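Hello,

Here is the structure we spoke of handing over. My notes on it follow below.

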Amino acid sequence: MSQRPIARVLLAKLDNVMRSGLVQEFSDDGIEVIGQEQSEEGIVFTASIATPDVIVIDGDSHNAPELRERLRKVAPGAKVILLPRDEVWPTVLDPPAGRPRLIPPPVLEALRNELRGSRQRIEE
């Protein structure tokens, strides 16, 4: 029997290097990447049917605020993390519409902690 993942994550609009690095890091930690989407419509569709715990999107994308709002509607229980390309100080939006907060460095370890906390919140 396979073990339940720590968290189910949708990666959205991230560049290839960042995306592949996160996939590798997350899989080593037992975090399931349920999708890697680039188009806005693909991101919204996957979020609506795959019920991710966390959605990590490129926080520097020109339409990140609009995409974030669309994701909040189709996946209201998902935590949204806006990850800037420089990977410094990502913004976290907890459901259902909590105040934005910043993740301090080191970012990779902080992301892992956010993902671990997401599954615990959902199971409570």
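**Helix 2 and what surrounds it**

Just after helix 2, Thr-51 has a positive phi of about 45°. Please keep in mind that this is a predicted model. Helix 2 itself covers residues 40-50, and its buried residues are Glu-40, Gly-42, Ile-43, Val-44, Thr-46, Ala-47 and Ala-50. What do these buried residues pack against? Their partners are strand 1, strand 2, strand 3 (54-58) and helix 3 (64-74).

**Strands 1 and 2**

Two of those partners are paired with each other: strand 1 (residues 8-12) and strand 2 (residues 32-37) run parallel and are joined by five bridges. Within this pair, Arg-8 is placed opposite Glu-32 of strand 2. Between the two strands the chain passes through helix 1 (residues 16-28), giving a β-α-β crossover that is right-handed.

**The cores**

In soluble globular proteins, nonpolar side chains tend to be buried together. Here the largest nonpolar core holds 18 residues, and the ones with the most contacts inside it are Val-9, Leu-11, Leu-22, Phe-26, Val-56, Ile-81 and Leu-115. At least two residues of this core come from each of strand 1, helix 1, strand 3, strand 4 (79-83) and helix 4 (107-123). Helix 4 gives the largest share, four residues.

Val-56 can serve as an example from this core. Leaving aside neighbours within four places in sequence, Val-56 is in contact with Val-9, Leu-10, Leu-11, Ala-12, Leu-14, Ile-81 and Leu-83. Another core, of 14 residues, lies apart from the largest one; among its members are Leu-10, Ile-43, Leu-67 and Leu-93. Ile-43 is also one of the buried residues of helix 2.

**Asp-94**

Where is Asp-94 placed? It is in the loop between strand 5 (91-93) and strand 6 (101-102). The side chain of Asp-94 makes a polar contact with the side chain of Lys-79, at 3.5 Å. Beyond neighbours within four places in sequence, Asp-94 is in contact with Arg-72 and Arg-101 as well as Lys-79.

**Confidence**

The protein chain has an average pLDDT of 85, and 91% of the residues score at least 70. Which parts have the lowest and the highest confidence? The lowest is helix 4, with a mean of 72, and the highest is helix 2, at 95. Where pLDDT is low, the predicted coordinates should not be read in detail. Helix 4 is also the element that supplies four residues to the largest core.

Regards

Notes: Residues numbered from 1 in each chain as written. Predicted model: local features only at pLDDT ≥ 70, side-chain atom pairs only at ≥ 80, totals over all residues. Heavy atoms only, no water. Pairing = 2+ DSSP bridges. Right-handed = clockwise from strand over helix to strand, strands pointing away. Polar contact = N/O pair within 3.5 Å; in protein donor to acceptor, adjacent residues only side chain to side chain. Contact = heavy atoms within 4.5 Å. Buried < 20%, exposed > 50% of the residue type's maximum accessible area, 1.4 Å probe, protein only. Core = buried A, V, L, I, M, F, W, Y, C linked by side-chain atoms within 4.5 Å. pLDDT = per-residue confidence, 0-100.
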